[in-house]
Amino acid sequence: MVIAIRALAARVLRRPFRAPPEAPGGATRIAVPHLEIHITHECNLTCDGCLYYTNHRHTGTIPIEELRTALAKWSRRVVPKSFAILGGEPCLHRDLTDIVYLAREQWPEPATKMEVVTNGLLLHVHPELPKALSATKTGLYISVHSTAAISPRYHEMMVRPLDLARRWEKEYGIELEIAEQSDWYRGYKGHGPDVEPFEDGDSQKSWDNCVTGQQCFQISEGRVWKCAPLAYLGLQARAFALSEKWQPYLDYRALEPECTDAELAAFFEKTAEPVCGMCPSNPQPFTKGDPLLPLTFYKTTPT
Ligand code: SF4
Ligand code: SF4
């Protein structure tokens, strides 16, 4: 999920592309800076403050046919400059390799930089993945979620996956990026049923300091969402009896693929919106604890 955090807060570049011949009505596609897709809501780590709420132990893996339908609809409307396959932990999806091919089929343009974003721990269960990454020119981005000083056990567990990834890089010529993600910003308060939005009352400032880097557009449930914290808030609401303070944010309406060209362009040009008020206006950096901590730790320890 970390990819959005490192995204630059640049303005949306909107350039028309010629629609593919099969696009109904010869609609014009627009270029957008970034798109992501959660292929599973499950994760094998419990990173404190995960902005995709995955550390709250949600379940649900999106069937590949559902992903195909969603991507096919959106590939007729937009061409992302970058596209990330992630989760949750994408290696928990048994069809990850096929999803890599699927994504590139939808956006064959070299202008679209593809990547799989993973914590890397389960790379070994996808032996065909490096071939797919190489054939589709899809990069591999590995987030390292803690340091040896904070979690010696996690550090030890990462040795083999990182060795494997470096071997794939050499043998298959894939683009590999390994980034430490032990410091980040909290986008909500509390954990589980006690989770609360920020109430700083300055949505413009929250947007200016957006914890996901302003370009964290998600394809989820067939629609495009402004960012991950909005897209997956529904998972939280289904799992917990959330405070009523979340209702305005749960009422957010994502963009439907059948939208008009004008609606599409307007969506990607939006900047601050009232929903940004759920995020901190002055986010404070913190160093995450051990990503192997059990959920019971967060249930009993206020964050
Ligand atoms: S690895 Fe950590 S940050 Fe990434 S989805 Fe899992 S809990 Fe969230
Ligand atoms: S709600 Fe607004 S400020 Fe918060 S993460 Fe989403 S885009 Fe950024």
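Which of the 13 residues around ligand 2 come nearest? In this predicted model, they are Cys 210, Thr 212, Cys 227, Cys 276 and Cys 279. Two elements, helix 6 (203-208) and helix 7 (228-231), give two or more residues each to the shell around ligand 2. Sorted by class, that shell holds 10 nonpolar, two polar and one charged residues.

Cys 276 shows how this site is put together. Cys 276 sits in the loop between helix 10 (261-269) and strand 10 (285-287). Cys 276 counts as buried because 25 other C-beta atoms lie within 10 Å, and the cut-off for burial is 20 or more. Beyond its neighbours within four places in sequence, Cys 276 is in contact with Ser 203, Ser 206 and Trp 207. Trp 207 is 69 residues away from Cys 276 along the chain, yet the C-alpha atoms of the two are separated by 5.9 Å.

Ligand 1 has 15 residues around it, of which Cys 43, Leu 45, Cys 47, Cys 50 and Thr 54 come nearest. Its shell divides into seven nonpolar, seven polar and one charged residues.

The chain as a whole comes next. The protein chain has 11 helices and 10 strands, and 40% of its 303 residues count as buried. Among contacts between residues at least 6 apart in sequence, 79% join residues at least 24 apart.

In soluble globular proteins, nonpolar side chains tend to be buried together. Here the largest nonpolar core contains 59 residues, and those that touch the most other members are Leu 67, Ile 85, Ile 99, Val 100, Ala 103, Leu 140 and Ala 228. Strand 3 (residues 78-86) supplies the largest share of this core, six residues. For Ile 85, the contacts outside its neighbours within four places in sequence are Ile 37, Ile 39, Pro 90, Ile 99, Val 100, Ala 103 and Val 116.

Helix 2 (residues 96-106) also packs against another helix. Its axis and that of helix 3 (residues 129-136) come within 9 Å and cross at roughly 5°, so helix 2 is roughly parallel to helix 3. On the helix 2 side, the residues that meet helix 3 are Leu 96, Thr 97, Val 100, Tyr 101 and Arg 104; their partners in helix 3 are Leu 129, Ala 132, Leu 133 and Thr 136. By class, this contact has six nonpolar, two polar and one charged residues.

Pro 110 lies in the loop between helix 2 and strand 4 (113-118). Pro 110 counts as exposed because it has 8 C-beta neighbours inside 10 Å. Its C-alpha atom is 9.7 Å from that of Thr 136, and the two residues are 26 apart along the chain.

Some backbone details remain. Most residues other than glycine have a negative phi, and most peptide bonds are trans. The peptide bond from Gly 87 to Gly 88, however, is cis, with omega near 25°. Gly 88 is in the loop between strand 3 and helix 2.

Two residues other than glycine have a positive phi: Arg 57, near 60°, and Lys 137, near 50°. Arg 57 belongs to the loop between strand 2 (29-38) and helix 1 (64-75), while Lys 137 is in the loop between helix 3 and strand 5 (138-144). Arg 57 is partly exposed because 15 other C-beta atoms lie within 10 Å. Lys 137 counts as partly exposed with 15 C-beta neighbours inside 10 Å.

Terms used
Residues numbered from 1 in each chain as written. Chains lettered and ligands numbered in written order. Predicted model: local features only at pLDDT ≥ 70, side-chain atom pairs only at ≥ 80, totals over all residues. Near = placed C-beta within 6 Å. Helix = DSSP H or I, 4+ residues; strand = E, 2+ residues; numbered from the N terminus. Nonpolar A, V, L, I, M, F, W, Y, C, P; charged D, E, K, R; others polar. Core = buried A, V, L, I, M, F, W, Y, C linked by C-beta atoms within 7 Å. Buried ≥ 20, exposed ≤ 12 C-beta atoms within 10 Å, placed from the backbone. Contact = placed C-beta atoms within 7 Å. Axes fitted to C-alpha atoms, helices over the stretch in contact; angles between N-to-C directions. Parallel < 35°, antiparallel > 145°, perpendicular 65-115°, else oblique.
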